[in-house]
Amino acid sequence: MNIQWPASTWLPVTSSEVAQQIALRDWSATSLGPLDVWPLSLRAILSAMLTCPTPMYLAWGPELVSFYNDAYRPILGYREQNALGRPFRDLWASIWDDISPLVDSCLRGESQQMVDMPLDLSRTGEPEESYWTFTYSPVFGDDGRIAGLLCVTNETTARILAERARAKADERLNLAMAAGNSVGIWDWEVPEDRVTADSRFAALYGVDKAMAAGGARVEEFFKGIHPDDRPRVEAEVAQAVRTVGLFSSEYRLLRADGTIRWVSAQGRSIPGPDGRCIRLPGVSYDITEVKEAELKLRAAKEEREFVLEQIGRQRVLTDPREILHRSSEALGRRLGVNRVGFYRLTGPDSICHEASWTDGTLDPLIGMQPTNHYGIHADTERRAGRCLVFGDSRRDADGQLAPYADEGVLAGLCVPLLTNGRWAAGIYLHQAAVRSWTEPEVTLAKEIVQQTWLAMERAEALLSLNRRIEEQDATIAQREIVLRDEFARREAAELQLRQLQKMEAVGQLTGGIAHDFNNMLAVVISGLNLTQRQLARGNTDVGQYIEGALEGANRAAALTQRLLSFSRQQPLEPAVVDANGLLTGLSDMLSRSLGETIVLETLLQPDLWAIKLDRNQLENAIVNLAVNARDAMPNGGRVLLQTKNVHLNGNQARALGMEPGEHVRIRVKDTGSGMTPEVLSKAFDPFFTTKPTGRGTGLGLSQVYGFIRQSGGHVSIRSQTGEGTIVDLYLPRCQEGAFQTPRDQAADVPLGRPEDVILVVEDEDRVRSFTVSALRELGYAVLEAASGTAALALLDARQDIRLLFTDVVMPQMTGPQLVDQAQALRPDLRVLYTSGYTGKSLETDDRIRSGGNFLPKPFSFDQLARKINDVLSRPPMG
């Protein structure tokens with residue numbers, strides 16, 4: 001069939017039908033992509049395989065896509081029609097259970113070799129008995145990783161069946177010997193050295209039939225044995241006589257016409273009265289055909305092993321000249337030639353000899369040479385891409401190869417190498433003597449040459465790539481600083497976006513919070529005014545007014561602390577959290593902040609499991625969802641905060657993209673306007689918002705989604721227009737331990753001791769006065785300072801100060817700065833920080849809160865007492 005090959009294909013132009021199928025097929029829709037983007041390693045293996053006469057099969061890539069050569073096609077049988085490009089497992093599904101362990105081991109890098117393995121290939125569609133000797137070798141991609149496997153196989157069914165038949169024949173032979181009616185029978189009378197044999201035995205060994213029938217010396221029969229085998233056979237015969245045992249051997253017979261026949265000989269020693277061997281009868285039969293088949297198979301196996309060994313060696317070499325030199329030497333020694341070399345075209349009519357090997361009989365070819373140096377015929381053949389083979393340059397091609405003979409080359413083999421169908425290089429094998437090249441020798445030379453060319457191209461491509469990488473290193477180094485700065489700016493931008501979202505939520509809640517805070521202040525101011533008026537009249541029964549004022553003040557303080565915690569910039573700090581307690585606390589802030597037209601309900605499951613995540617971020621997420629619910633109900637409605645323990649099975653977890661198991665579900669449900677399917681599909685997209693300009697960044701739900709996923713959970717949202725929205729937060733159950741419950745506020749207040757001296761540092765006079773009075777009321781000895789400088793002077797003067805109780809934010813010298821200098825003077829000094837706001841320094845915030853040495857403002861008398869007692873009972877910070 002005459003096929004017009006695509007001009008751009010890299011496949012070798014051969015008569016291979018499989019190569020033509022590969023070239024003409026559109027691979028764009030496959031995982032491999034078009035031919036011109038296939039990896040160099042895949043090209044190299046395919047090019048070598050397609051020109052190989054031995055059946056070979058390649059499974060490539062994650063799908064183990066099937067390739068093979070023409071010699072492999074008969075093995076496919078009825079599968080051949082759609083075999084090319086199919087996954088290995090699908091193509092050989094009928095024997096996959098037998099070969100899959102071998103495939104798995106090979107893909108882990110362990111080469112596999114099987115000898116005479118029985119496989120039912122059913123090539124005609126019917127079960128069959130067949131045997132195969134094959135190897136599985138891992139093949140590597142351009143990145144050096146295993147990319148598939150290469151199978152080199154040969155069918156051994158004929159040999160196995162022949163050996164089976166031979167075994168049966170041996171059995172029949174033994175029966176025939178016992179009956180005395182066998183072909184090729186001999187009988188050696190050992191003491192007399194007299195061998196009698198039938199005519200067939202005599203003809204086989206080249207002995208006169210009459211002499212054999214009358215009796216001849218054993219030496220006459222030994223003369224017919226091949227000189228290389230005779231010493232071994234004589235020793236085996238002597239061993240059988242000496243031990244009075246069996247004789248069994250296979251050896252060659254050299255006929256008078258120079259032909260060689262293989263025989264199998266078997267005999268049994270017969271002892272005399274003294275126990276010594278007196279007779280050795282036996283038979284010989286011709287096994288030439290079976291032996292030649294076996295030797296041919298062995299030679300083919302050795303040839304495959306040689307090819308695979310060369311492929312392995314070439315694969316680890318990176319220098320193209322080293323690849324050429326070693327491959328030339330290996331091929332030259334294998335075929336027993338005098339010179340092997342490589343050349344490359346440097347122009348239309350000139351070549352350059354680059355690397356060669358010689359055994360010393362012929363000089364190496366070096367330097368430039370015209371393409372027609374060895375005559376027009378050789379030049380024409382090579383330009384046409386045809387292999388030039390000659391056994392006697394003086395007579396072959398009608399004398400047109402005489403230039404070879406003039407230089408002492410009588411036999412040769414030249415394989416041109418093509419690039420895009422044009423002669424680009426070549427490898428030659430030269431012999432100084434006349435030689436008859438066999439077909440296997442020519443085939444082996446072509447295969448090694450093609451493989452060497454591809455290996456050299458791969459090495460040159462790698463060298464070129466390395467040079468480009470080295471050139472790019474400088475550019476990469478120059479851009480490294482720019483990229484690092486860009487990464488830092490991006491992190492800062494992300495942090496700024498998170499803070500923007502938080503502050504947006506705070507801004508949206510401002511009106512409600514102001515209303516709630518004013519109510520609290522009204523209670524405080526009214527209670528204090530009534531107390532002041534009652535005391536002015538001399539009435540001391542003011543307890544109810546004071547309690548009301550304290551309650552309002554405490555509620556205002558709690559709200560302030562929650563807002564500060566909510567709006568502060570801080571990284572994720574996972575901790576064990578009680579979701580019920582968190583929602584209860586948030587509901588106090590949200591109940592009025594959402595507006596008087598919205599009813600906030602909570603439905604909390606008792607004995608709720610603990611979860612582990614950043615508490616502040618979870619509060620942020622709940623507030624965001626509550627604000628979204630409020631905005632969806634401009635005319636009022638209901639918001640439900642609900643918790644529940646849930647166990648997700650495999651199907652439920654897969655539907656949510658989570659791991660199955662125990663989870664806590666936090667639900668935020670509203671009765672608002674709901675979302676259209678289009679809006680719902682974009683709800684979690686960053687910067688997507690349906691709110692008017694200036695009222696939303698579009699970061700709320702996306703930040704909720706990102707935080708919950710980062711915490712190992714999942715967010716589910718359901719909504720219908722006019723029916724409201726349900727948002728479920730699924731968070732994995734925490735098994736580390738239970739969350740801490742609030743301390744019993746009714747417990748006794750711990751009192752102090754006069755010997756415990758406390759230094760209070762506070763720049764606000766009224767706060768300092770209250771703190772000093774409270775500590776003295778508790779029984780402590782107290783010193784006070786309005787600045788860090790005054791505090792250091794007292795610390796230097798008084799060595800009995802046990803505890804430094806300092807504000808964090810002070811003019812001139814901050815609390816942490818004061819502590820650094822104080823502990824340099826007094827390493828054993830205990831420290832307690834206090835502040836209503838610590839600023840934006842995360843480093844400072846982490847430092848003052850570490851170890852529990854922090855008391856937030858405002859604090860009550862009881863809180864102060866417990867915290868002071870707790871710090872004094874622990875070792876110093878230093």
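1. Overall organisation. Among the contacts in the protein with a separation of 6 or more, 61% are between residues 24 or more positions apart. The model under discussion is a predicted one. Its secondary structure consists of 26 helices and 29 strands. Of the 878 residues in the protein, 45% are buried. The exposed surface comes to about 44,900 Å², and carbon and sulfur atoms contribute 52% of that area.

2. Helix α22, geometry. Helix α22 comprises the 14 residues 765-778. At 1.5 Å a residue the expected span is 20 Å, and the end C-alpha atoms lie 20 Å apart, so expectation and model agree. Directly after the helix comes Gly779, which has a positive phi, near 110°.

3. Helix α22, burial and packing. Which residues of α22 are buried? They are Arg768, Thr771, Val772, Ala774, Leu775 and Leu778. Viewed down the helix axis, the buried residues of α22 fall within an arc of 165°, and therefore they line one face of the helix. Asp765, Arg766 and Glu777 are exposed on the other side of α22. The packing partners of the buried residues are three strands, β25 (757-761), β26 (781-785) and β27 (801-807), together with helix α26 (861-872).

4. Asp392 and its surroundings. Asp392 is located in the loop between β15 (388-390) and α14 (402-406). Its relative accessibility is 9%; because buried means under 20%, Asp392 falls in the buried class. The side chain of Asp392 makes a polar contact with the side chain of Arg395, at 2.6 Å. Leaving aside residues up to four places away in sequence, Asp392 touches Leu410 and Val434.

5. Ala397. The loop between β15 and α14 also contains Ala397. The phi of Ala397 is positive, near 55°, in a residue other than glycine. With a relative accessibility of 28%, Ala397 counts as partly exposed, whereas Asp392 is buried.

6. Asp193. A positive phi in a residue other than glycine is found at Asp193 as well, with a value near 50°. Asp193 is placed in the loop between β6 (185-189) and β7 (194-197). The relative accessible area of Asp193 is 21%, and the residue is classed as partly exposed. The cut-off for burial is under 20%, so the 21% of Asp193 falls outside the buried class.

7. Salt bridge between strands. Side chains of opposite charge can pair when their charged atoms come close. The structure holds 39 salt bridges. One of them is formed by Arg261 and Asp286, whose closest N and O atoms are 2.8 Å apart. Arg261 belongs to strand β9 (residues 260-268) and Asp286 to strand β11 (residues 277-286), so this pair ties together parts that are 25 residues apart in sequence. Both partners are partly exposed: Arg261 has a relative accessibility of 28%, and Asp286 one of 35%.

8. Further salt-bridge pairs. Glu220 and Lys223 meet through their side chains in a salt bridge, with an N to O distance of 3.4 Å. Glu220 is partly exposed, at 27% relative accessibility. Another pair is Asp631 and Arg630, for which the closest N and O atoms are 3.1 Å apart. How do the partners of this pair stand with regard to burial, buried or partly exposed? Asp631 is partly exposed, with a relative accessible area of 25%, while Arg630 counts as buried at 15%.

9. Salt-bridge network. Arg753, Glu755, Asp756 and Arg802 are linked by salt bridges into a network. Arg802 carries a residue number within strand β27 (801-807), one of the elements against which the buried residues of α22 pack.

10. Cis peptide bond. The peptide bond joining Lys857 and Pro858 is cis, with omega about -10°. Pro858 is situated in the loop between β29 (854-856) and α26. Helix α26 (861-872) is also among the elements that pack against the buried residues of α22.

Technical notes. Residues are numbered from 1 along each chain as its sequence is written. This is a predicted model: local features need pLDDT of at least 70, side-chain atom pairs count only at pLDDT 80 or more; totals for chains, interfaces and linings use all residues. Side-chain values use heavy atoms; hydrogens and water are left out. Helices (H or I, at least four residues) and strands (E, at least two) are DSSP runs, numbered from the N terminus. Buried means under 20% relative accessible area, exposed over 50%, partly exposed in between (1.4 Å probe, protein chains only). A polar contact is a pair of N or O atoms within 3.5 Å; within protein, one must be able to donate a hydrogen and the other to accept it, and residues adjacent in sequence count only if both atoms are side-chain atoms. Contact means heavy atoms within 4.5 Å. The expected span of a helix is 1.5 Å times one less than its number of residues. The arc is that of the directions from the helix axis to the C-beta atoms. Accessible areas come from the Shrake-Rupley method with a 1.4 Å probe; for residues, only the protein chains shown count as cover. A salt bridge is a side-chain nitrogen of Lys or Arg within 4 Å of a carboxyl oxygen of Asp or Glu.
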